[in-house]
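Here are some friendly notes to read beside the structure. Please keep the 3D view open and look up each residue as you go.

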Amino acid sequence: MSAQLRVAMIGNGFMGAAHSQGWRVAPRFFDLPQQPHMTVMVGRDPAKNAHLAQKWGWEEASEDFEQVIARDDIDIVDIVTPGDTHCDMAIAALAAGKHVMCEKPLANSVAEAKKMADAAASAASKGVFAMVGFTYRRVPAATFARDLVARGAVGTVRQVRAQYLQDWLSDASVPLMWRLDKSKAGSGALGDIGAHAIDMAQFITGTSVTSVSGILETFVKERPVLAEGQGLSGTAGTGTGPVTVDDFAAFTGRFDSGALGVFEATRFSTGRKNALRVEVSGDKGAILFDMEDMNALQYYDATAPGTEQGFRRIFVTEADHPYVEAWWPAGHMLGYEHGFSHQVKDFVEAVAGGTQPTPSFADGLQVQQVLDAVERSSDAGSAWTSTSV
Ligand code: SOE
């Protein structure tokens, strides 16, 4: 086994910055079996890409993802581009024998996600592995929530509430960036942040959504176009264009356990900046995770004496909490960016050990099937719709 895993990252937007921090920092806090080497970053604008590659710690910059994927000195391809590129890039990288990490949602359709999952299953039989990047499950309090539910701390789960609330699009003057273009993003709030809510609800409960009844809405139907040469995001130009994705998604979901979930995803929830929340209610207790209070978990023990019952805020910073030992002493908190280092740690350990990293592309396909079912339900007047297609 070579000492290094040479990484190529394709994309240099917000997720490019976040993933770069993960590749740069994880080996300095976790004792990894192989050392990630930040070999090359791929971007479309040569000047911007060269500047960011140097700033973020990549050895080289390239504008040619096909050439990079084909290189013999690349072991991992990390895809952080918009969803319309995930399928072709991931399948090409797997075919070239590269391990793949791909941002969420896995793809822009179930058909694409199925092709990716099939390619990943075939590659895994040859010791080449793929993972989809749902990083919030790697926030210590989220993993701790899963551990509590798994050991019966809330008893039989009856209800789940999962929301992902942001407000950065409630300003109608925000221009038509790629996340508002169905041909690039696949959907709006539903896939961009609803996918996180679905993954977190399923991860914490250890169960899967099998049918849904949903509604999608677009509040602002026209927005200013991007100025010329502004790439996939930037300042407004002259004129307007249509928004082709949902601004708001809400749905009820039935889990394979029989539990019922209520889900909401919106980028118009005024005042909510990054409120990914999952509350799980059982017959023996409840937990509440809130990304806007990410170093704590609320836990209600219904088996405690009546006079002592109440939600208590567990500060998830003790060394024996998931991931925490590698960082700071108790009480010194972690941030949004640490989930990307945890993702690198888990991915490198799995790949080096010849085991399937999670969440797999099959897990990503299952989330895609839930997203697709919500769209089909909304088109059918919120009819109850199975996720299996
Ligand atoms: C925008 O809604 C966004 O950047 C999402 O695309 C990310 O997945 C989420 O983690 C933060 O918000």
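1. Let's begin with a term: helices (H or I, at least four residues) and strands (E, at least two) are DSSP runs, numbered from the N terminus. Alanine 362 belongs to one of these runs, helix 10. Please note that this is a predicted model, in which local features need pLDDT of at least 70 and side-chain atom pairs count only at pLDDT 80 or more, while totals for chains, interfaces and linings use all residues. Residues are numbered from 1 along each chain as its sequence is written, and side-chain values use heavy atoms, with hydrogens and water left out.

2. Is alanine 362 buried, exposed or partly exposed? Buried means under 20% relative accessible area, exposed over 50%, and partly exposed in between (1.4 Å probe, protein chains only). Alanine 362 counts as partly exposed because its relative accessibility is 48%. To get a feeling for distance, find threonine 307: from alanine 362 it is 55 residues away in sequence and 46 Å away in space, C-alpha to C-alpha.

3. Alanine 362 also helps to line the second largest pocket, together with residues including Arg137, Asp199, Phe203 and Val367. On a 1 Å grid over the protein atoms alone, a pocket is an open set of points with protein on both sides within 12 Å along at least five of seven lines, whereas a cavity is a set where a 1.4 Å probe fits but cannot get out; lining residues have an atom within 4 Å of a point. The volume of this pocket is about 190 Å³, where a volume is the space filled by probe spheres set on the points, and grid points are joined across faces, edges and corners. Helix 10 (361-379) and helix 8 (189-205) each give the lining at least two residues, and helix 10 gives the largest share, four residues.

4. What kinds of residue line that pocket? Three are nonpolar, five polar and four charged. Here Ala, Val, Leu, Ile, Met, Phe, Trp, Tyr, Cys and Pro count as nonpolar, Asp, Glu, Lys and Arg as charged, and the others, Gly among them, as polar.

5. Now compare the largest cavity, with about 30 Å³ of space. Its lining has six nonpolar, three polar and no charged residues; among them are Trp327, Trp328 and His332.

6. Next comes the open sheet, whose nine strands follow the order 16-15-14-13-7-12-11-8-17 with mixed pairing. Its edge strands, strand 16 (312-315) and strand 17 (385-386), each pair on one side only. Two strands pair if DSSP finds at least two bridges between them. Strand 16 is antiparallel to strand 15 (residues 296-301), with four bridges between them, and arginine 313 in strand 16 stands opposite glutamine 298.

7. Strand 13 (residues 275-282) deserves a closer look, since seven of its eight residues are buried. Which strands pair with strand 13 in the antiparallel sense? Strand 7 (residues 157-165) does so through eight bridges, and strand 14 (residues 285-290) through five. Follow arginine 277 in strand 13: it is the bridge partner of glutamine 163, and its bridge partner in strand 14 is aspartate 290. Strands 13 and 14 are also joined by a hairpin through two residues.
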